[in-house]
Structures are given as C-alpha cells and as structure tokens.
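Work through the following exercises with the sequence and the model side by side, and try each task before reading its solution.

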Amino acid sequence: MRGRPTLTQARAEELARDLFDFVGVASPLESERDQNFKLEQESGEKAVLKIFNAFEPVSLISDRAEALGMLARSGLPVPRMLDHSSVELAGESHCVWLVSWLEGTPLALARPITSDMEHQVGFLLGKMDLVLEGTEKERESSTFVWDLANTAETLREHIEYVSADDAGLVQHFLDLFHSAVEPRWASLPKQTIHNDGNDYNFLVGPAAESPRQITGILDFGDMVHSARIGNAAIAAAYLSTHREDPVDAMCAVIAGYHAANPVSDEEVEVFFALVGVRLATSVSVAALQCSREPDNEYLKVSSVGASSCLRKLVEIHPRLATYRLRAALGREPVPGAAAVEQWIAHRKEPFAPVILAAEAEATPIYFDFSVGSLEFGPTALAITGVAETAIWSRTGSAVGVGRWDEVRLAYTGDEYVSMSGERRTVHMGVDLFRPAGSPVHAPLDGIVHSFCTHHERFDYGGCMVLEHRPRGGPVFWTLYGHLSHASIAEASQGRSVEQGEVFAHLGPFEENGGWVAHLHFQIITDMLDLEGTFPGVTAPTQRLTWRSLLPSPMHLLGLSDAVNTPHAPSVSELLERRSARTSSALSTAYENKLHIVRGYMQYLYDAEGRAFLDAVNNVPHVGHSNPRVVEALHRQMRTLTTNTRYLHSSRLEYAERLAATMPATLEVCFFVNSGSEANDLALRLARTYTGKSDTVVLDGAYHGNLTSLIDISPYKFGGLGGQGKPPGTHVALMPDAYRGPHKGMTVESGLAYANSVADAADGRDVAAFIAESVPSCGGQIVPPPQYLRAAAEHIRKAGGLFIVDEVQVGLGRVGTHFWGFQLDENSSHESSHAIVPDIVVLGKPLGNGHPMAAVVTTRAIADAFDNGMEYFNTFGGNPASCAVGLAVLDEIEDRGLQENARVVGNHLLEGLGPLRERHPIVGDVRGAGLFVGIELVRDRDTLEAAGEEAAYVANRMRDNGILISTDGPLENVLKIKPPLVFTTENADHLVEALDRILAEDAVTARVSA
Ligand SMILES: Cc1ncc(COP(=O)(O)O)c(C=O)c1O
C-alpha cells in the first residue's frame, strides 16, 4: 500500500521513546493503510503507537483527533490521545499518535456473541453519533472504497475480480443499492461517523460478567462524513456473519442504536441494503487484494464469512427484513397493514362466505389444535388422515374452523425449520373444514393474482391468490390453499372474480398436500413478490411481523373473535402470580424460565411450541404422557379407586411383580405416596426391628422433605437454613472416587469408603445405614467396587440394617441391572456375591408422574413392625396407583427400556468421554446407564469446583433446547437422567451441544489448562 510506513519493532520502540518519552516493547497490530504497534512498559502500562500513512491528509487526521477528544470527554469508551507528533521517513512526513490502550477481548472472538451484545454495539454507536452530530467540516468528496457513498462505484470497479460464485451476490446487492438506497441517499441524515464497526473493533469485558459488557471501540482511521445509519449498518453487517439468521443481528443492532439515537423510517428502509452492500464491498475488496497477492492464504479466507452471509441474505426479501427491523423498533411492521384491517372491519357491505355450511344456519365449530390441546392425541397432532374422523364427526353440517395465530405441534417436517434453526409453529391463517369438492367463493371482488400446484407433502397442493383493489380502499391479497388440482388447471391469471363467485374447489387428501380436506385461508398485506404461494406458518420470535403481514381474517370471514387464539400468559405474568401464592422456598429452574404446556416421551413443549429434549427428568421414566400409563390410570379411575383396606387384585399383582425383581428375601411391599414417605417408613421399620434409633448416612445425601428425613439428610441439615447435624445421625464419607479422599474406581478405595461406615457406626446405637445405591445429590456418584457389599457387612456387624434408597436410580435406569444396588455384583472381588439390602425404598419413576412410592423388605422386618400399631395409608397402593405401576413395568419390559438404558447410556458415555480431552474444565465423566454426571473443575490438580460454570452450562443447554441440571455438594456436576426412551440420536445431539457450550468464554475463562 502506497505511503504505508514499514517500521521494524525496534524502530517503533525508538520512535516512541524519542517522540513521547514512552519506553516499552513494541508488538505489531493489524492495519490496512497505517502502521500500529502495541507498546508495553515494564510496569505493565500499555499504549498504542500509530504511524499514519504518508498520504493521509493532515486535516483529516486532526479532525479525527478532535472527534476522539470529544468522544472521550463524553465518557464513551474510546482510546484517549496521549500525545502526537510527526516523523520524516524515507523523505515522506508521517503523523504519529500515542493513544491509550483499551483492555478487552475483540468482540469477534467472544463466544457466544449474544443479542444483548449486539444491542450494546448499536447503543454505543448511537451515543457516539449523538456526540459527533454537527461537528463535520466541509471536505472534498472522497473516493474512499469504504465510504458507503461510493458503494456503486466500488462494487462496479471490483466485481471483475470476484469469483463467479460470488459475483451474482455482489451484483444482487449492487442492484438493491440502486433501487433501495440511491433514491433515498440525499435525504438520509449525514454526519461524521466511525464507519468501521467491524467485530474486531469492539471490545468486550470479562466473560464472567452477566450480562457481558461492550467495553470499547477502536480504530477511528476510517471516519468519514456519510449517512449516519451506515454506522449501525456496518456493525450489523459484521455481526450478521456470526448468526444463523443475519436479520436477528440487524434487529438487535438497530434497536440498540435507536434506543440511544432515534432512527427515521427512511433509515430503516435502507438498512438491510446497506448491510448487504457492506458485505459485498468486503468480498469485492478482498477479491482485488487476492488477485494482487494470489499466494496470500489469509486474504482468501478473510471474506468467507461475508460471502456465506450474503448467500443467506439473497434468500431474504428486503421488505420482509425491513418489516422485521420495524417490529424490533416497536413500529407497525408492514406500513399500512392496520389500514387494511380497519378497512375490512368497517366495510358496510357484508363479505360473501368463502365456504358454505351444508345447512345455512349451522354455526361454525372451532377446533383447538394448540400445543396443549387434547382434541387430537399426541401422535395425531398433524391434521392428517388420523384426525379425519374426529374432525368430521364434530363438524357435521357446519364449517369446522382451525384458528389464526395458533401455536401448533403439527408442523414437524424439516421444511418448518427457519433460518435461525427455530421451528415455525404459529399458524397464521384460518382453516375452514368442509369435504373435498366443496366450492370456494370469493369473499369480495378481485382478480386472480397467481396460482400453483404444489406436490410436496404438507404443502398447499392447489393454491390460488386473489388480489383486491377495492375502490377507495387499500390493496391486499387473499390466499386459498389445499384446492383441487382441477381448480388450478382452470385458473387464468388476471381474470376478474366477483364477490360470491365460485372460483375453485377444495382438493382431496391426495391433492392437497396430505391433509384432511380444508381450505387454508389468509389475508396478505404484502405479497413479497411471491406467486401462487405464501408461508402460512411462522416462527414464534417473528410473530409480531407476521401478524402484520397476515392479519386476522376474523371480519373478512364473518367469524367471531373465537377464531383469534387466546394467548398463553407471559412468563412474567406467571412468575408474578406464582410469587403471590407460592412460597419462595420453592425455586424455579433456569434463568430463562420455562412455561411447559405439553410433554410427550422424551420431549417437553413450551407455550410457543418449542420442543425441549428432556435429559433430566427421571420421573417420566417410560416417557412423558406415556399413552399406556395414561390409559391405565384413566380406566382404573373410571372403574374403581378406593380404600386400601379392601381386597384388590391389582395391588397384589403389583406387589408380586415388584418383589419378583428383587432378591428372594425381599418379599413384603408397603405402598405410599412419595419417596419421602417411603424413607420415613423405612426408618420406622428399621427402628422398630432393631429397637435402636441412630442412623448412619452419607455426606451430602438427601432422602426427603419430612422432618425425620431432614434429620438424616446432610444436604439439608448441613446446608443453607439447616440446623446442623442432630445427635442421632452419624455421617460417613461419600464414596466419591474422583473428589473424595480415596481416589480411583478400585476395590481398595471401595473398601476404604466402606470403613468410614464402620467408623460412623462404631460405638453407636445404630438402627440403620441408609444410602442411595448410586448417589444422586452427592453428585451423580458411582461408588467404587465392593463398596456397598462391605458397607452392608459393617452396618450389620454394628447391629443395624442396610436401607437402600433407589428413589432416583431404580427400575432399570442403570442399564445392566434393574436396581442400582445390583451394580456392585459386577465387581471382580473374589468374595463378590449378590448384595441383599434389608429394606429397599422406591419412588419417583414408579408412577411415571403419578405420585406413588414403595418400601420392600423382608418378612421378619415386616412382622416386627406389626406390633399392634396399625400402619394405614389412605392413598398408598390404591387400585389406580397400582394400575399405573403395572403399566410402567409393562412398558419397561415390552419396550426393552432397561436394555435401552444400557445401550444408549454407554453410547452417551462414549460420546462424553472425549469432551474430557477437549475441555480442561471437564474433570470427570461418570455414570451407569442413563444416570450420568459430568464434574466441572477449574483446575484438575486442585479440583477447584466450577459451580458457576456448571450453572452457566445448564442455562445455555436450556437455551439450546436441551434440559439438564446441576448437582453435587459444590453444584459443579452436570446431571443427566432422561426418560428411558432416550435414543442414541438424542445422546449425540446432547453431546454436540455440550461440546459447543463448553468452549464458550464463560466456561473457559477461569480454567487452568
Ligand atoms: C434419593 C432421594 N430419596 C428420596 C427423595 C424424596 O422423594 P419425594 O420428593 O418423592 O418425597 C428424593 C427426592 O428427590 C431423592 O432424591
């Protein structure tokens, strides 16, 4: 580059010392036209030495100095001018600056770049423009390629260097510049702008801060006098390259800018085009540089992001992007859409009915296809053939109506995934159900705008659009989807259609995309240059925009307000109501709260139809809303549910089936309603049988919420609000082979941990040792071999019973065995034999969500409990609960869910294992079947717990649609325990997301490599 200085580092250091008395070590920084060095003094003080290009006009440089000074004085985070001078190099004079060094990470390297950061970028630029407004001086117009004013010239001149693949993209945006920007350029507000808000010129603060702050903006070398909205558009252009859907970044930046410095409608209208041309300029300038330096690999890759972003942008209609930008600013998204709605609502003459009922007086029947609707079973959520009988039997001679602006689960195909990855779930038309062949009438005069026959499944089949230009009214369009193919064959473009005229007929299942015969009707306020089609379903985050593009057809169809779907309450409203009526002692999961309205198998769905992969709920063991379990409960509730003092065969069958899964001596079952009740009963059994009262427990254990159980749960009595350890409780070491004192999954450490049970019981009047077979609250701990066997022997020697709490892990979850206590049978020790607890406590998964729990024990212990005091439990073991329990056992058997837990669990552990190599924060990966823990540490030597990072990861996983949680005494263990219907694909999806999130800055920031 002409005039660009080429100092060595040593010369730069010399210059800094001679000119500014700044003694430091120089290291080079990137600069296209000038030369920049970072200087660092021994004391750690830093500065930037900037040697300007010899051809840079001095007047421009002094303008920049002035602007920097003003911005700094306004408190904005810009470098401060420390000193300036000039130097003669090879016969040319160069200005030299010494400016302050700003700490921070380049925004381009931040992981992730959030929408909040994008908003802050816009806000900062808006503030800067406010400060610099009105400061510009008259200057000759420049030919500077990065000045948006010169876009057309730059792109025209450079396009010949652009690869054939990219030239079309560049031309597209050059055309858009001509049509969308040039006619408005003269009237756009102009001023001095930074003009280079690329993602390396913004700095972000520490990742641990929430929300993470934009802490600086650098490089004022490209400042020009230009359209001020260009300043925000340039920043949005670079941020767009990081996004799946670039318009999301544009919305955040412009909203941030607007919050600081209001933008006009005209500025919004040029924004998308300016973003596009800035990226096109990047691609073109890089192409020219590549042609000059064909061997420079860096240049080749430098504009890849811009070119792939342009590829997405050409797919987006510029007006649709503009509507979304307007929505982000709280403006009417489609200008004039409200006027269309008003005109329709107030037209004096009635509209003709589009679809007639078989009997004129039959009133429409409204269907509920929303996420939580039970009208259509979870497997028949698509309104396909399966739903046919239900629809026609309810519709009768009337017109059946599917609602507008309704969130549905019906749209399951890949074609419903939007650019950002978000599923399109909101139905923006109205469905009118009548049999195939029914005539379709024009609601008002119009002309045939366009039509098309779509052959893909779940598309429109035959589709026609009418254009309406009512006298004295606004222009708008109506769309008719799922027509017969003959209707399309007979259509002719531009033909007039009169109000009431039959212009098409409904198509049958085979011709309408595979749906029950119906008309999809919608009003369109801007066709966006489409013909014969228009999307009828949108993504929840774009709902505002699409409500304006496709407003409610209520008035036009003469339907009541019932066609407008009632909206789910907002999360904030629910939280407010919750806090008014619920104790705050009960917390809510995740920073971004979940409002779940439906569950099916391993998925949960929120009110907006977003699917979450449930990797943490072990209660819906055989899948959320498992139809077999639901049916069993329903049948038994309809037949009988009564007092447990009567004889009932299901209770007996259930007890027999449960006992059959246990060692033979565990033969007597008690049925209760919760894990807590079951543990409380287990304690009573042990205390009655032994005549003693003390209990040995594991450190960090939790056994339930009753008073008796808080006393034996160190997790509670030793935690916040706890009253400390009661005298009768004795705490043994958690058998944690990773963090505990005895490391490694060896028999030695298993026996050493078991010794601590003996120590705790020693000299005490112990009734029992209670432990989870695979401790969950302790941090998803798999005890080392021989631990349980040896611990059981120790407690028996001390005169106590061995109670195993299987509330979390029982019923096949561990994969190789049905119960967690059987896992130890795998251990290789010679004296290995089956472990037989004295009492086993069962809970959570037994009822798949129906509240039921059980205690299974020996005949001798049960008999000792029969001491005259009756044990009565109103609900425990009632016929409905037993029917549920049996259905759960049937599902486990028939679907092979224990084996699935083994296979998928192994697959998951194999996928998670390598994360330990890739991410230093992953200290340990452990588990059995579908009960898995990932322990996060900041330092693998000191094992410093990464609790905040674990919480961050769980929250980010939630934001990415996967539910996991954290546990362990230090809350640093990621907990995975999904319904057993989890698949290997689900496991892969989880590992892939976790791998990505573990690389984010908030996770890596405090970790020693
Ligand atoms: C190991 C263990 N035992 C017992 C309980 C108590 O069960 P419930 O909440 O059904 O009373 C829990 C609950 O989380 C548990 O994790």
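**Exercise 1: backbone exceptions**

Pro-211 sits in the loop between β8 (202–204) and β9 (214–217), where helices (H or I, at least four residues) and strands (E, at least two) are DSSP runs numbered from the N terminus. This is a predicted model, in which local features need pLDDT of at least 70, side-chain atom pairs count only at pLDDT 80 or more, and totals for chains, interfaces and linings use all residues. Residues are numbered from 1 along each chain as its sequence is written, and side-chain values use heavy atoms, with hydrogens and water left out.

Task: determine which peptide bond leads into Pro-211, and whether it is cis or trans.

Solution. Begin with Ser-210, which is joined to Pro-211 by a cis peptide bond with omega of about -5°. Then turn to Pro-112, in the loop between β6 (105–106) and α3 (115–132); the bond from Arg-111 to Pro-112 is also cis, with omega near -5°. Most residues other than glycine have a negative phi, and most peptide bonds are trans.

**Exercise 2: positive phi**

Task: state where Leu-943 is found and whether Leu-943 is buried or exposed.

Solution. Leu-943, which is not a glycine, has a positive phi of about 60°, and is found in the loop between β35 (931–936) and α27 (947–959). Its relative accessible area is 10%, so Leu-943 is buried (buried means under 20% relative accessible area, exposed over 50%, partly exposed in between, with a 1.4 Å probe and protein chains only). Next take Glu-971, whose phi is near 50° and which lies in the loop between β37 (965–967) and β38 (973–976); Glu-971 counts as partly exposed because its relative accessibility is 32%.

**Exercise 3: a helix residue and a distant partner in sequence**

Task: locate Ala-252 and give its C-alpha to C-alpha distance from Phe-123.

Solution. Ala-252 lies in helix α7 (residues 246–260), and with a relative accessible area of 8% Ala-252 is buried. Ala-252 and Phe-123 are 129 residues apart in sequence, yet their C-alpha atoms are 9.7 Å apart in space.

**Exercise 4: an exposed helix residue**

Task: which helix holds Val-301, and is Val-301 buried or exposed?

Solution. First, place Val-301 in helix α9 (residues 297–302). Then compare its relative accessible area of 53% with the cut-offs, so that Val-301 is classed as exposed.
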